Amino acid sequence: MTGLSVEQEEVVKADLQSLAVLACAGSGKTRTAVHRLLAVRRRLERPRGRVALLSFSNVAIDTFRKDYAALCQAQAISALGRVDIDTIDAFITANILRPHAYRVMQAPRAAFLVSGSEPFLKGFTLPPPSKGAPPISVKDIHVKVVERRFVFYLDHFGHQQDLDRATAKALVERLGKVGAYTHELGRYWCCRALVHEERLREAFAHRYPQILVDEAQDIGSAQQAVLTALSKAGSVVTLIGDPNQGIYEYAGADGAYLKGHSATPYPLSTNYRSIPAITAVAKALSGSTGGEDRAARPTPCGAYAVACDPDRYDLVIAQFRQAVEACGLDPAKSAVLCRASKLANTLAGDTSSVGAGAVRLLAAAATARDGAGDVHRAFKLVCEALEQSLLEDPPKGLAAHLCDPARHSDLRPVRRVVWKFARSAVEGLPAASLQANTEWITRLRVVVADMLAQIELLSGLKPAANLSMRLAAKSLPAAPVSTLKPAAAMALRVETVHGAKGESLDAVLYIVTKAHLDAMLAGVGTEDGRIGYVAVTRPRDLLWVAVPQKILPTYRAALNAVGLGPLPTT
């Protein structure tokens, strides 16, 4: 695409008023925002006024800065000053929180950020939520705005638990009097400062008469309160985003603020990213009627629903890699996307989330040996498991001593046993290709017991009590331990949908469960449905949706209806 489309031109040339730009995926939001920024800056009448362009990630900010400089250069002008391009949180922190919030915090100094690990924070806790649970640290307190009222809550992987408002507020304000804030509580103090100080609002609006916010569907409730206060004070706020990509509902970012922002919304309805086959899927899921700009490409490019075995994701990943190459696409610019971070980590070869305790260390050892060929690291991890969990009252530093035979010759017989265990997938540590929660853990219990018996015979070091509990199948996937090593070896990135949001990729393999598939097919009315929409709108030329093979026949008609047909036969 060269130049601006008619819709993009209308946004760029619109009056200096608040706008809501409702943009579909791949519609050129970045290009439009940068051109609008330059146009607003040129037309701004206030001699000392500044224009802000805000987004949510450092990657997006870097892109905006480069594109703005390139646009100015292309138009043979020097980059116009009095333009601020930053993340929304960094912007309000630099302009409101640090220089001004200390007054409403009743602090003796400028506000400062804390991570939560500082020693002086030990006294800043709330009572445990249940018997036997630890106290609630101030760093774990989240804040949102519900019906113009602050709500304090805990976030357990997306599941919220409201806190007693009076108690939590008292703790937050006690911390504020020290001058400290966490990332979450910084937004709270920004809101408080703007609400309580009219002169601050007026001064800020005079300094920033124009504010543009990209990816505006991601604006949370506390950020909405800040922008609303600035808007009422006189700042003209333009929002650019796609309500169908609002996937942070727990923070109040569901796209509703964007849709309700302006009485005269401006559409960006043409998809310049994806081929028609993929655009058709996006339209079917979102109910939109926008256009597409790109021409169709011959198969195997396209949009397909494919069968996968949840116990062998490596097979569908390998097939996808072959399809990427057959399309002439770049594997380094393609990705395997998952809804859950745990599966993404497992597929990416990160065994930190595979198993718990000693099992986690032994799973990492199997992956190091079989995936990377690093037997030495596998040996060290087995030694750590012995010291941390598998032996009863082991000598302090046992793992390090086993790895240093020159200085600890008395442990050489034990070291030989452990080395054989770590090295051999036949007689020792089971192969990482075995299914983790069945074959692998069953075999592991047998060979670990045998290794511990040999160690006790040679050294007198006894196995830990309740060994079966220490070798539990907790947190083991129904997949090979090293499921993701094949993907890593094939140069395929593995990511959550949230992690890939805002990106353009050559090809995407989206792995779904039945629940995720149901939500995606139901459309964008729920957050899970919008997550599915985000996944299918990332690729330019190739989309595979991997459906569990047992349910694919049942869903084939519904998948065909939204444009996800079977793979073409050769």
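**Exercise 1. Place Pro300 and give the state of the peptide bond before it.**

Step 1: Pro300 sits in the loop between strand E15 (291–292) and strand E16 (302–308). Helices (H or I, at least four residues) and strands (E, at least two) are DSSP runs, numbered from the N terminus.

Step 2: The model is predicted, local features need pLDDT of at least 70, side-chain atom pairs count only at pLDDT 80 or more, and totals for chains, interfaces and linings use all residues. Residues are numbered from 1 along each chain as its sequence is written, and side-chain values use heavy atoms, with hydrogens and water left out.

Step 3: From Thr299 to Pro300 the peptide bond is cis, with omega near 15°. Most residues other than glycine have a negative phi, and most peptide bonds are trans.

**Exercise 2. Find the loop that holds Gln106, and state whether Gln106 is buried or exposed.**

Step 1: Helix H4 (88–105) and strand E4 (112–113) flank the loop of Gln106.

Step 2: Phi of Gln106 is positive, about 60°, although Gln106 is not a glycine.

Step 3: Gln106 has a relative accessible area of 56%, so it is exposed. The cut-offs are under 20% for buried, over 50% for exposed, and partly exposed in between (1.4 Å probe, protein chains only).

**Exercise 3. Describe helix H17 and what follows it.**

Step 1: H17 covers residues 436–459. Its buried residues include Trp440, Leu444, Val448, Met451 and Ile455.

Step 2: Gly460 follows H17 and has a positive phi, near 85°.

Step 3: Asn466 lies in the loop between H17 and helix H18 (467–470). Asn466 is not a glycine, yet its phi is positive, near 55°.

Step 4: The relative accessible area of Asn466 is 54%, so Asn466 is exposed.

**Exercise 4. Characterise the surroundings of Asn271.**

Step 1: Asn271 belongs to strand E14 (residues 270–271).

Step 2: With a relative accessible area of 4%, Asn271 is buried.

Step 3: Leave aside neighbours within four places in sequence. Asn271 then contacts Cys24, Ala25, Gly26, Thr279, Gly291, Glu292 and Asp293. Contact means heavy atoms within 4.5 Å.

Step 4: Cys24 and Asn271 are 247 residues apart in sequence, with 6.8 Å from C-alpha to C-alpha.

**Exercise 5. At what angle do H5 and H6 pack, and which residues meet?**

Step 1: H5 spans residues 165–178 and H6 spans residues 183–196. Their angle is about 85°, and their axes are 12 Å apart. Axes are lines fitted to C-alpha atoms, for helices over the stretch in contact; angles run from 0 to 180 degrees between N-to-C directions.

Step 2: H5 is therefore roughly perpendicular to H6. The class covers 65 to 115 degrees; under 35 is roughly parallel, over 145 roughly antiparallel, and the rest oblique.

Step 3: From H5 come Lys169, Val172, Glu173, Leu175 and Gly176. From H6 come Leu185, Tyr188, Trp189 and Arg192.

Step 4: These residues divide into 5 nonpolar, 1 polar and 3 charged. Ala, Val, Leu, Ile, Met, Phe, Trp, Tyr, Cys and Pro count as nonpolar; Asp, Glu, Lys and Arg as charged; the others, Gly among them, as polar.

**Exercise 6. Summarise the whole chain.**

Step 1: The protein has 23 helices and 20 strands.

Step 2: Of its 570 residues, 51% count as buried.

Step 3: Along the principal axes, the C-alpha atoms fill a box of roughly 85 × 70 × 45 Å.

Step 4: Take contacts between residues at least 6 apart in sequence. Of these, 73% join residues at least 24 apart.
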